[in-house]
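This report is a first walk through one protein model, written for someone who has not met it before. Please keep the sequence and the structure in view while reading.

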Amino acid sequence: MDLTYTAEEEQFRTELRTWLAENIPAEWTEPGYWASLDTTESFEKRREWEARKTAAGFSGIQWPVEYGGRGGTPGMKAIYDEETVRAHAPQTVNVLGLTFLAPTIMAIGTDEQKAEIIGPMLRNEVIWCQGFSEPGAGSDLAAVATRGVRDGDDYVVNGQKIWTTNAMHGDKIFTIVRTEPGSERHKGLSMLLIDMNQPGVEARPLKQMSGASEFGEVFFTDARVPAKDCLGEIGQGWRTAMLLLSFERGASGVGQYTEFRRQYDEIVAEAKRFGRADDPVARQELTRCLVELECLRYHAMHILTQTEQGKDLGSESSMTKLQWSEAFQDLWEAFEKVLGPEATLAAPRPDVDLTPFHAQDHWSRSVTIWGGSSQVQRNIVAERVLGLPR
């Protein structure tokens with residue numbers, strides 16, 4: 001494990017930190033600022049800021065220069081994740097496209113797809129959604145029922161997707177469709193790239209318990225998709241999907257650790273304000289979380305070291321997903337335990353607003369489900385790392 005960065009990487013940190021300080025308004029860093037905006041205003045502010053960030057050369061850090069990226073190292077990407085969290089930079093509006101789709105297109109896309117998709121995505125001119133989950137196919141992705149029937153040079157798509165992040169703002173969607181009649185499970189699937197601004201595609205918002213509508217459901221009714229807009233080979237959608245998901249699960253976790261550690265410090269500050277800092281049970285709970293977070297940090301640096309050495313992460317990516325998601329969830333369970341009944345109130349005191357804490361607390365319940373549930377990740381580790389039987 002290498003806990004250091006090169007001189008070139010530290011120079012990049014200085015440049016990025018300076019730019020962030022000059023381009024993030026102070027009001028953006030105030031607790032609850034983004035939650036105070038309506039969904040459309042928040043989205044447009046973040047989209048405009050990301051366009052400026054791209055123009056300044058601080059997007060696509062590890063992407064090849066020919067695709068508009070910086071051509072940086074894995075260490076630079078880790079520094080980017082770390083510094084943007086520290087600066088309270090807003091979250092990207094195009095995370096699904098940038099994290100999943102772009103690297104997949106670079107790896108297996110056609111020359112036409114590379115030319116038409118990657119640049120506009122990086123500049124946030126085109127926002128992408130991911131259409132995997134369905135009402136009858138959540139964790140079991142191979143059970144998808146949305147179908148595409150070949151009609152000349154097009155596929156005619158009918159079906160429904162659900163839990164689609166940014167469904168109401170998406171311009172296009174990369175989605176798994178069953179394109180071979182009579183096929184079952186992993187066979188006969190294709191990954192189609194579908195224009196959402198066309199007849200036959202309808203997005204509807206889903207209201208979350210926090211009050212936000214971050215995701216929605218998408219309905220396809222005789223939507224037409226050119227056959228050339230298939231990513232990977234027709235009928236090989238499962239292979240394409242697994243490649244695409246590997247880019248998320250292969251992240252080092254440096255950014256997650258930095259964000260969670262900041263949240264931990266904020267929870268400790270609230271514990272002190274409520275007079276819980278001297279309670280031995282509360283201190284034990286917070287100490288347990290701190291140990292778990294520091295374990296996440298060292299695991300993240302281990303994964304970063306492996307990546308820099310060009311090693312295949314394999315099942316270690318499942319360990320990363322399992323570790324950061326459960327550390328995050330445990331952190332917010334500690335918040336509830338330490339603050340007690342006051343944790344359930346938005347304003348337990350006139351000078352206290354816990355609304356931003358509630359948003360994170362609610363969100364933490366979902367992270368052990370999406371991106372591969374903890375149960376699935378434990379099975380992978382058990383079978384491929386420990387050698388246990390299926």
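Which residues are linked with E10 in a network of salt bridges? The network consists of E10, R13, R17, E82, E83 and R86. The model is a predicted one, and what follows should be read with that in mind.

**The network and E83**

Within this group, E83 can be placed in helix α3, which covers residues 74-86. E83 counts as buried because its relative accessibility is 3%, under the limit of 20%. Apart from neighbours up to four places away in sequence, E83 is in contact with R13, L16, R17 and L20, and two of these, R13 and R17, belong to the salt-bridge network as well.

**Salt bridges between separate parts of the chain**

Side chains of opposite charge can pair when their charged atoms come close. The structure as a whole holds 28 salt bridges, and the table lists some of them, with the distance between the N and O atoms.

| Pair | N to O distance | Places in the chain |
|---|---|---|
| D151 and R224 | 2.8 Å | strand β2 (147-151) and strand β7 (215-226) |
| R261 and E294 | 3.3 Å | helix α7 (254-273) and helix α8 |
| R365 and E333 | 3.1 Å | loop between α10 (355-364) and α11, and helix α9 |

D151 and R224 form a salt bridge; because D151 belongs to strand β2 and R224 to strand β7, the pair ties together parts that are 73 residues apart in sequence. D151 is partly exposed, with a relative accessible area of 41%, and R224 is also partly exposed, at 37%.

The salt bridge between R261 and E294 joins two helices, α7 and α8, so that parts 33 residues apart in sequence are tied together. R261 is partly exposed at 26% relative accessibility.

In the salt bridge of R365 with E333, the partners are 32 residues apart, one of them in a loop and the other in helix α9. R365 has a relative accessible area of 40% and is partly exposed, and E333, with 25%, is partly exposed too.

**Helix α9**

The helix that carries E333 runs over residues 316-339, a stretch of 24 residues. From its first C-alpha to its last, α9 reaches 35 Å, which is close to the 34 Å expected at 1.5 Å a residue. Is this helix mostly covered or mostly uncovered? α9 is mostly covered, with 17 of its 24 residues buried. After α9 comes G340, which has a positive phi near 70°.

**Positive phi away from glycine**

Most residues other than glycine have a negative phi. N124 is not a glycine, yet its phi is positive, at about 60°. The residue sits in the loop that runs between α5 (111-122) and β1 (128-131), and N124 counts as buried because its relative accessibility is 3%. N166, likewise not a glycine, has a positive phi of about 65°; its place is the loop between β3 (154-165) and β4 (172-178), and with 14% relative accessibility N166 is buried.

**E50 and its surroundings**

N124 is also one of the residues that E50 touches, when residues up to four places away in sequence are not counted; the others are S59, Q91, T92, V93 and L98. E50 lies in helix α2, residues 39-55, and is buried, with a relative accessible area of 3%. With T92, the side chain of E50 makes a side-chain to side-chain polar contact of 2.9 Å.

**R283 in helix α8**

Helix α8, residues 280-308, holds R283, which counts as partly exposed at 47% relative accessibility. Beyond its neighbours within four places in sequence, R283 is in contact with A277 and D278, and a polar atom of the R283 side chain lies 3.0 Å from the backbone oxygen of A277. Between the C-alpha atoms of R283 and V268 the distance is 9.3 Å, while the two residues are 15 apart in sequence.

**A nonpolar patch**

On the surface, V385, L386 and L388 make a nonpolar patch of about 280 Å². V385 lies in the segment that follows α11 (374-384), and V385 counts as partly exposed, with 41% relative accessibility.

Notes. Residues are numbered from 1 along each chain as its sequence is written. This is a predicted model: local features need pLDDT of at least 70, side-chain atom pairs count only at pLDDT 80 or more; totals for chains, interfaces and linings use all residues. Side-chain values use heavy atoms; hydrogens and water are left out. Patches are made of residues with over 30% relative accessible area and no salt bridge: like charges are joined within 9 Å, nonpolar side chains (Val, Leu, Ile, Met, Phe, Trp, Tyr) within 5 Å. Accessible areas come from the Shrake-Rupley method with a 1.4 Å probe; for residues, only the protein chains shown count as cover. A salt bridge is a side-chain nitrogen of Lys or Arg within 4 Å of a carboxyl oxygen of Asp or Glu. Helices (H or I, at least four residues) and strands (E, at least two) are DSSP runs, numbered from the N terminus. Buried means under 20% relative accessible area, exposed over 50%, partly exposed in between (1.4 Å probe, protein chains only). Contact means heavy atoms within 4.5 Å. A polar contact is a pair of N or O atoms within 3.5 Å; within protein, one must be able to donate a hydrogen and the other to accept it, and residues adjacent in sequence count only if both atoms are side-chain atoms. The expected span of a helix is 1.5 Å times one less than its number of residues.
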